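Hi everyone, thanks for coming. Let's pull up the structure on the screen and walk through it together.

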There are 2 protein chains.
Amino acid sequence: MSAHTPLLPRKPLPDGFLDRVGALVGDRLATGEAIRLQHGQSEAHFEPVLPDAVVFAATTEEVAALVKLCVGAGVPIIPFGAGTSIEGNTIPVMGGITIDLSRMDAIIEVNQEDFDCTVQAGVRREQLNEHLRDQGLFFPIDPGANATIGGMAATRASGTNAVRYGTMREAILSLKVVTLDGKIIRTARRARKSAAGYDLTRLMIGSEGTLGIITEVTLRLHAIPEAISSAVCSFDSLQGAVDTVVQSIQIGVPLARVEILDDAQMRAVNRWSKLDYPELTTLFFEFHGSQSYVDEQVRTVEEIAAMNGGGEFRWSNLPEQRSKLWKARHEAYYAAVNMRPGAIGWATDVCVPISRLAECITQTREDLDKASLPATILGHVGDGNFHVIFSIDPNAPEEMVEVEAINQRLVDRALAMDGTCTGEHGIGLGKQHCLVDELGEAVDLMRVIKRALDPQNLFNPGKIFTF
Amino acid sequence: MSAHTPLLPRKPLPDGFLDRVGALVGDRLATGEAIRLQHGQSEAHFEPVLPDAVVFAATTEEVAALVKLCVGAGVPIIPFGAGTSIEGNTIPVMGGITIDLSRMDAIIEVNQEDFDCTVQAGVRREQLNEHLRDQGLFFPIDPGANATIGGMAATRASGTNAVRYGTMREAILSLKVVTLDGKIIRTARRARKSAAGYDLTRLMIGSEGTLGIITEVTLRLHAIPEAISSAVCSFDSLQGAVDTVVQSIQIGVPLARVEILDDAQMRAVNRWSKLDYPELTTLFFEFHGSQSYVDEQVRTVEEIAAMNGGGEFRWSNLPEQRSKLWKARHEAYYAAVNMRPGAIGWATDVCVPISRLAECITQTREDLDKASLPATILGHVGDGNFHVIFSIDPNAPEEMVEVEAINQRLVDRALAMDGTCTGEHGIGLGKQHCLVDELGEAVDLMRVIKRALDPQNLFNPGKIFTF
């Protein structure tokens with residue numbers, strides 16, 4: 001049992017259409033059920049819907065030719081990266097051709113002096129960071145999953161480093177995009193800033209493939225800091241943990257990462273990653289800078305934590321210790337879902353002004369404590385963004401219904417605090433009614449833009465809003 | 001003699017239209033020539049064009065009602081803040097009603113713990129910073145002029161602090177906007193980040209009033225640093241100055257401000273602000289942080305400067321010294337223009353990848369040295385953005401022609417380096433052909449958006465592109 005995936009009217013492909021696609025891309029056209037299923041399902045809780053075919057694209061020009069073919073025949077086009085999105089963002093609910101960009105994984109150029117690089121959309125973030133390491137640079141956006149850069153752009157991803165380095169919104173200088181008429185545009189030059197016309201770059205970021213196909217991304221990079229220090233600290237209260245973060249930011253500490261995990265999440269992490277942290281509300285910190293500046297940041301935050309009921313800091317200063325710590329954090333989702341064998345996961349994604357975060361998490365925890373199934377909380381506390389992770393029995397349909405109700409109460413709570421229903425996962429299939437609750441008539445303006453750029457509703461139809 | 005301001009077809013107001021506007025806004029409707037002239041001219045080099053009338057708006061709801069009136073009658077609507085833009089961005093080239101938002105100057109709320117505030121569009125940045133000071137917060141974006149926040153949003157302004165704190169693109173969390181149908185939308189909630197649908201906030205930022213009227217802005221704020229230190233350092237070469245900045249950023253120094261002024265600009269500054277700096281290529285620095293961190297940054301940058309031919313650092317650590325230094329920097333435009341009595345100014349605005357900046361400035365200086373009129377160079381070197389300021393004899397039309405040619409060569413040079421024709425001033429009237437050179441067919445996509453959101457071409461018509 002998965003959540004209901006809304007099915008929209010689906011037309012069969014026109015006669016001979018796949019022959020024309022095949023003539024263009026050769027054996028990179030796949031119609032086998034296994035590959036179609038792989039591109040029709042989601043990491044999350046949606047029922048799969050299969051595309052009619054999958055094309056593994058090789059070049060931007062080929063994507064443009066495919067778009068022309070599809071538009072000419074009225075066939076939906078769904079861009080696909082690593083398939084790690086979790087709001088059903090790539091499920092082809094109206095069928096059509098999924099364009100898998102994962103083989104477009106070339107790192108086109110790195111400009112060390114300019115702290116930027118240009119990559120094809122299918123490059124994965126871990127691959128990019130391995131490539132950059134020798135040049136003393138890194139790409140900070142880290143959503144946990146080893147997503148593609150194109151997919152991260154399309155969903156406006158962020159993750160653990162956003163408190164210091166921003167989200168994909170800030171990380172991107174320019175995009176190469178295939179538009180509906182099969183044209184290839186570049187949304188901006190490589191200058192660090194520009195006031196040249198409408199911000200097409202930001203319009204495409206977070207548009208979930210509904211306005212065009214992103215094929216290349218120019219990214220801002222950062223110098224690998226001289227010193228990096230990570231630590232874990234337990235708190236005797238949620239409020240104490242949140243206050244520690246707020247006060248640290250207020251005093252100007254540039255926290256590179258600060259993650260909150262509740263007691264239930266810490267139990268799951270200890271079990272999954274074979275660790276022995278206290279099973280209390282916990283902050284995972286990371287500090288970046290020169291050695292003396294990191295030392296200063298650490299002293300400041302330790303003092304603030306002590307005033308707010310924090311325990312000892314457990315340090316991980318060696319690279320391998322740090323990797324172990326952040327690996328545990330990255331696997332927290334799987335750790336939580338697998339509290340029950342065979343369970344399926346569902347992650348919520350609200351983000352609220354930080355002054356309301358402790359209240360929002362506390363009320364949510366109270367709601368979860370009344371639930372019949374296990375759930376944990378973890379989040380990017382510096383941004384006010386947190387996730388509830390449910391571990392759902394796939395054979396108990398009433399649990400899915402219960403989770404839907406809890407999630408709706410959570411979204412309502414966040415909106416009442418002037419927050420958003422999605423900090424970083426996107427709207428996809430799952431949050432379309434929440435988007436309207438959140439932004440009201442502004443959604444009509446989004447629809448006007450969609451209709452202007454894609455009047456036939458062929459680019460990833462059925463996502464963000466119905467046409 | 002000013003530059004040619006392109007005049008577009010202008011229709012007289014419909015009979016009785018101003019009576020209907022007057023019934024709505026009372027004596028805040030102005031039709032006198034002096035006020036219309038004030039709203040029809042520009043700080044820069046464009047010939048004035050007068051609006052048919054000016055309304056001093058009082059509320060968002062009133063702006064919405066005005067928009068409905070104007071749209072119903074097919075009358076252009078031009079939003080106006082402080083009038084400090086310099087690409088003719090507010091000149092009503094098709095006539096119509098200028099909506100002056102400067103009386104909408106309420107600071108609606110400041111959320112200290114969330115580091116944000118919401119202000120009406122007419123609030124000026126100096127007013128905001130005075131209001132915030134007691135709360136330990138500041139709003140960093142500083143374009144020099146005491147612009148309104150709404151105007152800064154509409155032109156995607158930046159300025160001296162952008163190297164550390166970003167531009168208006170990064171500074172804005174949410175906007176209240178009046179759309180063409182007279183609806184009032186809010187583009188986002190107050191959460192620090194969101195993946196909820198298309199980024200209408202960023203679409204409106206930099207749209208120069210052509211897609212809607214911004215009436216309220218929710219801004220990110222920053223904690224006033226514990227220590228602020230400013231310094232001036234002269235260099236024996238342009239390359240040495242630029243290399244100092246690049247190497248400082250590369251090593252991770254978070255420069256809060258770093259401005260470059262060439263020898264001609266330093267002569268102008270000394271004369272205008274009665275100072276005695278060496279008349280050489282000079283960097284103006286500002287460092288923010290804890291005292292010990294500022295000390296560390298300063299030591300690092302002093303070492304790097306010394307290796308690159310920099311002289312002694314002249315420090316301004318007391319607030320009044322600092323204000324004097326930055327006042328001189330802010331008045332640099334007037335200092336340069338007034339090298340010749342009665343002259344009018346023209347500021348260029350290219351921005352290039354920083355690896356190309358020294359080359360771009362050097363080639364530009366060579367071009368300027370061949371010119372028949374005086375010109376200086378200053379810029380936001382950390383972003384790769386610099387301005388040439390011309391001091392033009394208004395009675396010598398051949399000088400305007402010469403400046404236009406130099407500017408075109410400068411834009412071509414910047415574009416060849418993958419830069420932009422405008423780092424922060426916008427397209428307005430003056431750079432429409434440059435925008436097409438820069439972004440090609442992407443401009444067609446902008447036009448599609450404009451036509452979808454404003455099919456009658458009533459919001460600030462004639463700006464960014466012709467319809």
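Let me start with a question: does Cys351(A) count as buried or exposed? Keep in mind while you look that this is a predicted model.

Okay, here we go. Cys351(A) counts as buried, because its relative accessibility is 0%. And what about disulfides? Searching the whole structure turns up zero of them over all chains. For Cys351(A), the nearest cysteine sulfur belongs to Cys360(A), and that one sits 9.7 Å away. A disulfide needs the two sulfur atoms within 2.5 Å, so no luck there. Over in the other chain, Cys117(B) is in no disulfide either, with the sulfur of Cys351(A) as its nearest, 18 Å away. Cys117(B) has 0% relative accessibility too, so we call it buried.

Now, the two chains. Turn chain A by 180°, with a shift of 0.0 Å along the axis, and you can lay it on chain B with an RMSD of 0.0 Å. That's the relation of a two-fold axis. Both copies use the same surface, too: 100% of the contact residues of chain A recur in chain B.

Let's zoom in on chain A. You'll find 17 helices and 18 strands in there. The C-alpha atoms fill a box of roughly 70 × 55 × 40 Å along the principal axes. The radius of gyration is 22 Å, which agrees with a compact globule of 467 residues, where you'd expect a value near 23 Å. Of those 467 residues, 65% are buried. As for the outside, chain A exposes about 15,600 Å², and carbon and sulfur atoms supply 50% of that.

Methods:
Residues numbered from 1 in each chain as written. Chains lettered and ligands numbered in written order. Predicted model: local features only at pLDDT ≥ 70, side-chain atom pairs only at ≥ 80, totals over all residues. Heavy atoms only, no water. Buried < 20%, exposed > 50% of the residue type's maximum accessible area, 1.4 Å probe, protein only. Least-squares fit on C-alpha atoms with pLDDT ≥ 70 in both. Contact = heavy atoms within 4.5 Å. Helix = DSSP H or I, 4+ residues; strand = E, 2+ residues; numbered from the N terminus. Rg over C-alpha atoms; globule rule 2.2 N^0.38 Å. Areas by Shrake-Rupley, 256 points an atom, 1.4 Å probe, with all protein chains shown as cover.
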